[in-house]
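Take a look at the structure below. We will walk through it one part at a time.

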Protein chains: 2
Amino acid sequence: MKYPNGVKQIKTDDNHIHYDNRGMTLERDLNDTNAFYIDSEKAFIYKKPTPIQITKVDYPTRAKTVIREAFFKEPSTTDYNGIYRGHYIDFEAKETNSATSFPLNNINDHQIRHIRNVYSAGGICFLVVRFKKFNTTYILMAKDFLDFLDHNDRKSIPKTYFDEVGHKIKEKYIPRLDYLEVIDDVLGGI
Amino acid sequence: MKYPNGVKQIKTDDNHIHYDNRGMTLERDLNDTNAFYIDSEKAFIYKKPTPIQITKVDYPTRAKTVIREAFFKEPSTTDYNGIYRGHYIDFEAKETNSATSFPLNNINDHQIRHIRNVYSAGGICFLVVRFKKFNTTYILMAKDFLDFLDHNDRKSIPKTYFDEVGHKIKEKYIPRLDYLEVIDDVLGGI
């Protein structure tokens, strides 16, 4: 809904910012799945709040502080992390409209460094990438993602690479996107 | 710096919101320490961005989005998490002005539940509490924190409890607050 002065009302749900529907569906699916994991005490994985640079704050009353000016910041780590069976879990989730490849400008240099670090430190690290045209969601393990980066100069990862070395996440009713089932398979039932 | 209309300019540094100096010193010490750990590839632990509910966004140009109205939200997890030698690390950091006890209203029910969950799942979980009057900073392991909650109706944890079952963090030059040294000791050099 657009207002005359160019201010746009947006909806948020717990911890998550949605505007222009960007990344909305995958994010919602993951949030629902994580809520299911938490309720069933299977894993404790959360989306981090969106990083924001706050520049003006208003204190109309002691009780209520209002942020009057702030800016979105580039994230320096991935969006999701937590614990699963004692293991550190860390991943980034992205959707793409492309039918043929995943554009690498979706993931910034800080995030790539973070993925390298977590992988080296022994964490379970991966990307969750949805090709919206096919409604197909893949896990690409950090090892395979970094292998691609280290052996290619391409600006995108072809969908065929996901088909070859990625792992499809089956959509279910509950939980919506059972990515830990895939992680169990990949890691041989940790 | 106060402006006539009650809007106050605040400083932020990477990922962190400071106003009224609340929790500033301990937070800065931990950020410096975490930056040192990351640089030396010892551990990858970050402060989560402050959770915010965004209600109005302005798009003056395609390039720059400005948040015009937002509110601070209660955190549902702890402030810091990450990975250390393959282990999931999770903690909350608080300062208190009290000379005698740590008020439990510093930590909300969601956070206590999160600490229980992480502890049960085998994560390394703890509080970092600074008694400002003494400039003394303790680690209180989740087990000892939860033990206290489960066996007391008090609204605060006496400082004597920190002296008995907590672990003092020695202040150094670099890193400022080497809390992983304490964690190594407590866990017998994981």
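Start where strand β6 of chain A, residues 66-72, meets strand β6 of chain B, also residues 66-72. The two strands run antiparallel, and 4 bridges join them. One facing pair is easy to find: A:I67 stands opposite B:A70. Keep in mind that this is a predicted model. Its scores are ipTM 0.85 and pTM 0.85.

Now stay on β6(A) and look for its partner within chain A. That partner is β5(A). The two pair in the antiparallel sense, over 6 bridges. Pick out A:I52 in your view. Its bridge partner in β6(A) is A:F72. So far, then, β6(A) pairs with β5(A) and is joined by bridges to β6(B).

Step back along the sequence from β5(A), which covers residues 52-58, to the loop that links β4(A), residues 43-47, to β5(A). A:K48 sits in this loop. Is A:K48 buried or exposed? Count the C-beta atoms around it. A residue needs 20 or more of them within 10 Å to be called buried. A:K48 has 21 such neighbours, so A:K48 counts as buried. Which residues does A:K48 touch, leaving aside those up to four places away in sequence? They are A:D79, B:K48 and B:P49. Two of these names begin with B, so the list reaches into the other chain. A:D79 is worth a second look. It is 31 residues from A:K48 in sequence, yet their C-alpha atoms are 5.5 Å apart.

Next, move to another part of chain A. Strand β10(A), residues 124-131, and β11(A) pair in the antiparallel sense over 6 bridges. In this pairing, A:L127 has A:L140 as its bridge partner. The two strands form a hairpin with 4 residues between them. There, A:N135 takes a positive phi near 50°. β11(A) also runs antiparallel to β13(A), residues 167-168, and 2 bridges join these strands. Here A:I139 stands opposite A:H167. Why is β11(A) described as largely enclosed by the rest of the structure? The reason is that 5 of its 6 residues, within 136-141, are buried.

Cross over to chain B and find helix α5(B), residues 179-186. Its buried residues are B:Y179, B:L180, B:V182 and B:I183. Seen down the helix axis, the buried residues fall within an arc of 150°, so they line one face of α5(B). Just after this helix, B:G188 takes a positive phi of about 70°.

A second helix of chain B is α1(B), residues 24-39, which holds B:D32. B:D32 has 14 C-beta neighbours inside 10 Å, so B:D32 counts as partly exposed. Setting aside residues up to four places away in sequence, B:D32 touches B:P175 and B:R176. B:L104 gives another distance to check. B:D32 and B:L104 are 72 residues apart in sequence, and their C-alpha atoms are 26 Å apart.

Finally, view chain A as a whole. Chain A has 5 helices and 13 strands. Of its 190 residues, 35% are buried. Take the contacts in chain A with a separation of 6 or more: residues 24 or more positions apart account for 60% of them. How confident is the predictor? The pLDDT of chain A averages 88, and 86% of the residues score at least 70. Over residues 1-23 of chain A, however, the pLDDT is below 50. In the model, that stretch has 33 contacts beyond near neighbours in sequence.

Note on methods: Residues are numbered from 1 along each chain as its sequence is written. Chains are lettered from A and ligands numbered from 1 in the order in which they are written. This is a predicted model: local features need pLDDT of at least 70, side-chain atom pairs count only at pLDDT 80 or more; totals for chains, interfaces and linings use all residues. A residue is buried if 20 or more other C-beta atoms lie within 10 Å of its own, exposed if 12 or fewer, and partly exposed in between; C-beta atoms are placed from the backbone. Two residues are in contact if their C-beta atoms, placed from the backbone, lie within 7 Å. pLDDT is the predictor's confidence in each residue, from 0 to 100. Two strands pair if DSSP finds at least two bridges between them. The arc is that of the directions from the helix axis to the C-beta atoms.
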